[in-house]
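Visitor: Please take me through one part of this model closely, starting from a single pairing and working outwards.

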Amino acid sequence: MTVKSISEYSVTESLKKQVIEWRRHFHRYPELSFQEHRTAQYVEDTLRSFGSFIITRPTPTSVVARLIGKEQGKVVAIRADMDALPIEEENTFAFASVHKGVMHACGHDGHTAILLGVASVLSQLGNEFKGEIRLIFQHAEELLPGGAQELVKEGVVEGVDYVIGTHLNSGLPVGEIGVLAGPMMASPDTFNISIKGKGGHAAAPHEAVDAIVVGAQIVTNLQTIVSRTTNPIDKLVVSVTQFHGGTTHNVLPDKVELNGTVRSFDAALREKVPAQIDRIVKGLTEAYGAEYTFTYEKGYHPVINSKEITRLIEETAIEEYGKERVKTLSPKMGGEDFSAYLQETEGAFFNIGARNEEEGIVYPHHHPKFTVDEDSLEIGVKMFLRITEKLLAR
């Protein structure tokens, strides 16, 4: 039986322009996590215009498109996230956000456009290939509990042999591709500590239980979890990022709130940290005569890339763009809910450079002036197509 090859189809100049237009549309009309109704509908309508795909809406703001070949074979899933951030955009280009206080400041507009470009090319295959390709247009990467976990629960990756995803990287020059086997991104957990002391006059601290002093001691002592109780070889971050308390200069408040984050790659290490935080807080509040409540919320799993699939991605990038343009990344303590898919099946996540200093495209992710070099979009389309072809053939 004759089957078609993805490599028979190229990314045309007209498609390059169309992908850029899609990206600019999504950038102009951003939507927050779990609110991507207009975005999801636009994606669905565009996919339906291609034909060939079986399209479902597993959640109200996500879209899955399946292309099923006439012969059974490997099942490959490709994921793009679609949500924006609660940031007021400071860019002044023509397609800047029209929604006040909402902005695509992490490149998800580009991810969605790239995957539509992939869909446009794949639709030409019809069913003349072996295997299945699933395109996952995912909602809510930026907000716990995350869209990926919801889609996993809905069975989106059931039967999937391999899953791949990418992120446009504003720290990596356009034209470069970043890969990393093994641990790539951390688990982003959060915690809250509420300290209850005894309020009083600032001139009579001996009559109060100063919650601010207790809170300050807790902030200082939490640093020892990393510096004195964790193996220096292990990677762990414990950061207090919020400290709220007090209303004026002459009143000792009776309560302070501390919030923070814990980042790690190792599951066993991750499990130990909540008890360590609780032990420190309990000891200090008892020593000062205060009370406390402590809550800890687990975030996404760490992104642990398959070594074999990462090697395949690296080889593909070298074939397409040359060894000098393929970079080995360092692990990052940021979180990414692509990890939910990797809990279910083999796969890998990689980066595509989107920085261009000559054009002033230099701002980090989540910055109000963030944007990407749109030449990166074509690279994303080509990489996904070539990687998918290889995975189907495994």
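**The mixed sheet and a second sheet**

Guide: Strand 3 (residues 71-81) runs parallel to strand 5 (residues 162-173), with four bridges between them; strands are DSSP E runs of at least two residues, numbered from the N terminus, and a pair needs at least two DSSP bridges. The model is predicted, with local features needing pLDDT of at least 70, side-chain atom pairs counting only at pLDDT 80 or more, and totals for chains, interfaces and linings using all residues. Residues are numbered from 1 along each chain as its sequence is written, and side-chain values use heavy atoms, without hydrogens and water. Ile-78 has Ile-164 in strand 5 as its bridge partner.

Strands 3 and 5 belong to an open sheet of eight strands, ordered 1-2-4-3-5-16-6-15, with mixed pairing. At its edges are strand 1 (54-56) and strand 15 (326-328); each has a single partner strand, so one side of each lacks a neighbour in the sheet. Direction ignored, neighbouring strands are turned by 25 degrees on average (axes are lines fitted to C-alpha atoms, for helices over the stretch in contact; angles run from 0 to 180 degrees between N-to-C directions). Helix 2 (residues 37-50; a DSSP H or I run of at least four residues) packs on this sheet, touching strand 1, strand 2 (63-68) and strand 4 (130-138) (heavy atoms within 4.5 Å), and its direction makes about 20 degrees with that of strand 2.

Another open sheet has four antiparallel strands in the order 10-12-8-13. Its twist averages 15 degrees from one strand to the next. Strand 10 pairs with strand 12 (residues 255-264) over nine bridges, and Val-240 stands opposite Gly-260 in strand 12.
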